[in-house]
Amino acid sequence: MATKRFMTLPRHILEGEKAHPEATGELSSILLQLGLAAKLISLEVNKAGLANIIGFTGQENVHGEQVKKLDIFAHEMLIKAMDHGGHFCVMASEEEEDIIHLPPNKKIGKYVLLFDPLDGSSNIDANISIGTIFSIYKRISTGNGPGTLEDCLQPGYKQEVAGYIVYGSSTIFVYTTGHGVYGFTLDPAFGEFLLSHDNIKIPKNGRIYSLNEGNYFSWPKGLKDYIKYLQSNYYDGKPYQARYVGSMVADIHRTLLYGGIFIYPGDRRNPKGKLRLCYECNPMAFIVEAAGGRATDGKQRILEKKPEALHERTPIYIGSEEDVLLVEKFLRESREAY
Ligand code: AHM
Ligand code: MG
């Protein structure tokens with residue numbers, strides 16, 4: 001117990017590295033740097049109201065400094081924190097249309113970084129949890145030059161590391177290398193992430209379903225039938241519960257800890273749904289699978305989808321294995337597209 005209390009994120013990463021004598025230490029160094037960026041973004045998120053920077057770009061704060069929207073701040077902070085270690089050959093962000101090359105004077109490395117700097121940012125003004133999501137791949141392009149679009153369009157099962165940071169009632173950093181999912185809570189006094197969620201395992205099934213029911217009339221029939229099935233049945237003698245923050249990181253974090261299912265389906269209006277395969281669905285699928293859960297687009301495993309474009313969207317059904325299998329059965333039986 002005492003060990004757990006003092007297991008900081010850096011110590012956990014370095015001990016994990018020691019367990020793999022073949023490791024070069026590069027991934028550790030990347031994760032440490034991401035931890036630092038997370039702390040800086042967390043600080044900014046926490047003082048957003050005070051600094052009056054919510055929702056304004058290009059205005060001056062009380063100190064007469066130019067202020068930025070938080071999602072732009074997070075985007076720039078991540079690039080600044082990650083572009084000088086010599087680990088990456090290319091990056092891509094949900095906030096930028098094209099791939100991001102390293103500045104010409106920086107050393108080029110063998111990894112690829114994809115991130116959504118501040119997911120759920122439409123929730124910022126209401127002080128609702130938001131988050132950062134990241135994915136790391138090895139480059140597939142040859143040579144030591146800049147990385148390419150193809151490096152960024154790899155199927156999710158090729159991820160080396162994936163993680164998210166949720167800026168909520170506390171700030172939590174969750175990551176996996178595919179073996180074990182670990183969560184660290186930021187101690188604001190100490191200024192360090194401490195291991196708080198050791199080896200997270202998602203329950204095999206859960207009581208909570210999470211999706212935007214406002215889109216009900218556009219849903220595929222199988223999904224309507226599934227939700228009606230849950231609403232007319234009991235889980236452990238109690239009715240199912242609907243919970244939807246509207247911030248994927250928060251909804252997935254809860255699903256990981258309590259079990260159940262999170263859904264952003266394709267529907268009549270948007271057959272590919274809303275969420276992005278590379279920035280949101282792949283990293284979350286990698287994490288949830290590593291915790292023993294399941295993630296599909298209703299038919300196909302998310303991690304096996306080959307992205308065709310950086311900002312491609314996909315439907316997603318993700319969470320406890322048995323819950324995802326059940327909704328897939330409903331979708332299959334209704335035989336309706338999307
Ligand atoms: P964003 O990338 O523009 O922030 O949008 C993604 C967010 C997710 O966090 C969340 O799951 C989803 O949008 C909610 O969408 P909706 O409002 O359609 O339910
Ligand atoms: Mg997003």
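**Exercise 1.** Identify the protein donors of the magnesium ion (ligand 2) in this predicted model and state how far from the ion they lie.

*Solution.* Step 1. The protein donors are Glu94 (OE), Asp116 (OD), Asp119 (OD) and Glu280 (OE), at 1.9 to 2.4 Å from the magnesium ion. Step 2. Along the chain, these donors follow the spacing E-x21-D-x2-D-x160-E. Step 3. Glu94 belongs to the loop between strand S3 (88-93) and strand S4 (111-119), whereas Asp116 belongs to strand S4; the pair therefore ties together parts that are 22 residues apart in sequence. Step 4. Both Glu94 and Asp116 are buried.

**Exercise 2.** Determine the strand order of the open five-stranded sheet and explain why one side of S13 and of S15 has no neighbour in the sheet.

*Solution.* Step 1. The order is S13-S10-S14-S16-S15, and the pairing is mixed. Step 2. Strand S13 (241-242) and strand S15 (294-296) occupy the edges; each has a single partner strand, so one side of each is left without a neighbour. Step 3. S14 and S16 run antiparallel and are joined by four bridges. Phe262 has Ile318 in S16 as its bridge partner.

**Exercise 3.** Establish which residues of helix H6 (residues 221-231) are buried and how they are arranged about its axis.

*Solution.* Step 1. Gly222, Leu223, Tyr226, Ile227 and Leu230 are buried. Step 2. Viewed down the axis of H6, the buried residues fall within an arc of 130 degrees, so they line one face of the helix. Step 3. An α-helix has 3.6 residues a turn, so residues three or four places apart point the same way. Step 4. The buried residues of H6 pack against strands S10 (208-210), S14 (261-264) and S16 (316-319), and against helix H9 (321-334).

Methods:
Residues are numbered from 1 along each chain as its sequence is written. Chains are lettered from A and ligands numbered from 1 in the order in which they are written. This is a predicted model: local features need pLDDT of at least 70, side-chain atom pairs count only at pLDDT 80 or more; totals for chains, interfaces and linings use all residues. Side-chain values use heavy atoms; hydrogens and water are left out. Buried means under 20% relative accessible area, exposed over 50%, partly exposed in between (1.4 Å probe, protein chains only). Helices (H or I, at least four residues) and strands (E, at least two) are DSSP runs, numbered from the N terminus. The arc is that of the directions from the helix axis to the C-beta atoms. Contact means heavy atoms within 4.5 Å. Donors are N, O and S atoms within 2.8 Å of the metal (3.2 Å for Na, K and Ca); water is not among the atoms, so sites may look incomplete. Two strands pair if DSSP finds at least two bridges between them.
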